[in-house]
Amino acid sequence: MSGKSNYRTYYTTIKALIVFLVALTTVLFRFLKEVNRLRLWGEFVKSLLISFVFLGIIAGVAQASPEIAGIMSIGGVIWFCYHWHKKLSYADTRLNQSMWQERAWWWTLDGWQFEQEVARVFRSVGYNANVTKGSGDGGVDIIITNGNYKAIVQCKHYQNPVPPEPCRALWGCRDDFNADEVIMVASSGLTTASARFVQNKPEFKVYNLDDIIIMSKQSEAKNINNKVNKLDCKQVMTANKRRLDI
């Protein structure tokens with residue numbers, strides 16, 4: 001009897017383990033399928049790296065206090081689930097899809113078209129923006145002004161981060177143009193060396209492609225709100241002037 005009982009216990013344990021592994025594999029497959037569909041692999045790899053670092057910390061804590069390590073493990077699982085629930089939520093997904101569509105469109109532009117569109121975005125938020133002729137400009141692509149304010153802009157529509165040399169060259173043009181600020185529009189951001197060069201220069205601003213897209217969207221939303229407000233005012237004025245026949 002004891003042998004049969006042990007066999008049943010062993011069989012039940014194996015069966016439960018198989019069911020658990022199948023369920024875990026199914027959930028993981030669906031999760032990775034969503035990550036692939038939404039093109040969130042960069043965020044997924046970042047989460048994995050954070051998880052590995054966290055596991056290393058837990059392993060160190062476990063040697064001193066297994067209870068605390070257990071609490072940290074549960075907290076880590078809860079954070080991971082919450083983080084990805086938010087990422088895959090409908091509202092967040094819709095926003096991300098809109099950003100991906102915008103990015104895809106911007107990446108179809110060549111260098112000259114990119115400069116024209118960036119100038120348009122600056123105009124939409126209230127600046128006067130003039131695109132330079134492209135030669136003898138010292139690397140300056142756009143000059144923006146607003147009252148007494150003046151800034152020079154260089155556009156780098158590259159797939160890779162911008163190295164330090166263009167940043168130094170643009171910074172060197174500041175006095176030549178008597179500019180208050182210099183702005184580097186770098187679609188893929190800056191390299192680490194470039195970031196170190198600009199970090200202590202408050203007059204040196206950097207925008208990546210997402211910054212330009214967000215600026216454009218905020219401007220569009222503001223224009224829509226202004227049009228709606230003007231329409232409401234016209235409707236109120238019309239209603240006030242309307243004669244009532246009794």
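User: How much area does the protein expose, and what share do carbon and sulfur atoms supply?
Analyst: About 17,000 Å² is exposed, with 59% from carbon and sulfur atoms. Areas come from the Shrake-Rupley method with a 1.4 Å probe. This is a predicted model: local features need pLDDT of at least 70, side-chain atom pairs count only at pLDDT 80 or more, and totals for chains, interfaces and linings use all residues. Residues are numbered from 1 along each chain as its sequence is written, and side-chain values use heavy atoms, leaving out hydrogens and water.

User: How do the axes of H2 and H3 cross?
Analyst: At roughly 170°, coming within 8 Å. H2 covers residues 41-64 and H3 residues 66-87. The two are therefore roughly antiparallel (angle over 145 degrees). Axes are lines fitted to C-alpha atoms over the stretch in contact (heavy atoms within 4.5 Å), and angles run from 0 to 180 degrees between N-to-C directions.

User: Switching topic. How many salt bridges are there?
Analyst: The structure holds 5 (a side-chain nitrogen of Lys or Arg within 4 Å of a carboxyl oxygen of Asp or Glu). One of them pairs Asp210 with Arg103 at 2.7 Å, N to O. Asp210 sits in helix H8 and Arg103 in helix H4, 107 residues apart.

User: And Lys205 with Glu181, what is the N to O distance?
Analyst: 3.4 Å. Lys205 is in strand E5 and Glu181 in strand E4.

User: Is Glu181 buried or exposed?
Analyst: Glu181 counts as buried, at 14% relative accessibility. Lys205 is partly exposed at 33%. Buried means under 20% relative accessible area, exposed over 50%, partly exposed in between (1.4 Å probe, protein chains only).

Note on methods: Helix = DSSP H or I, 4+ residues; strand = E, 2+ residues; numbered from the N terminus. Parallel < 35°, antiparallel > 145°, perpendicular 65-115°, else oblique.
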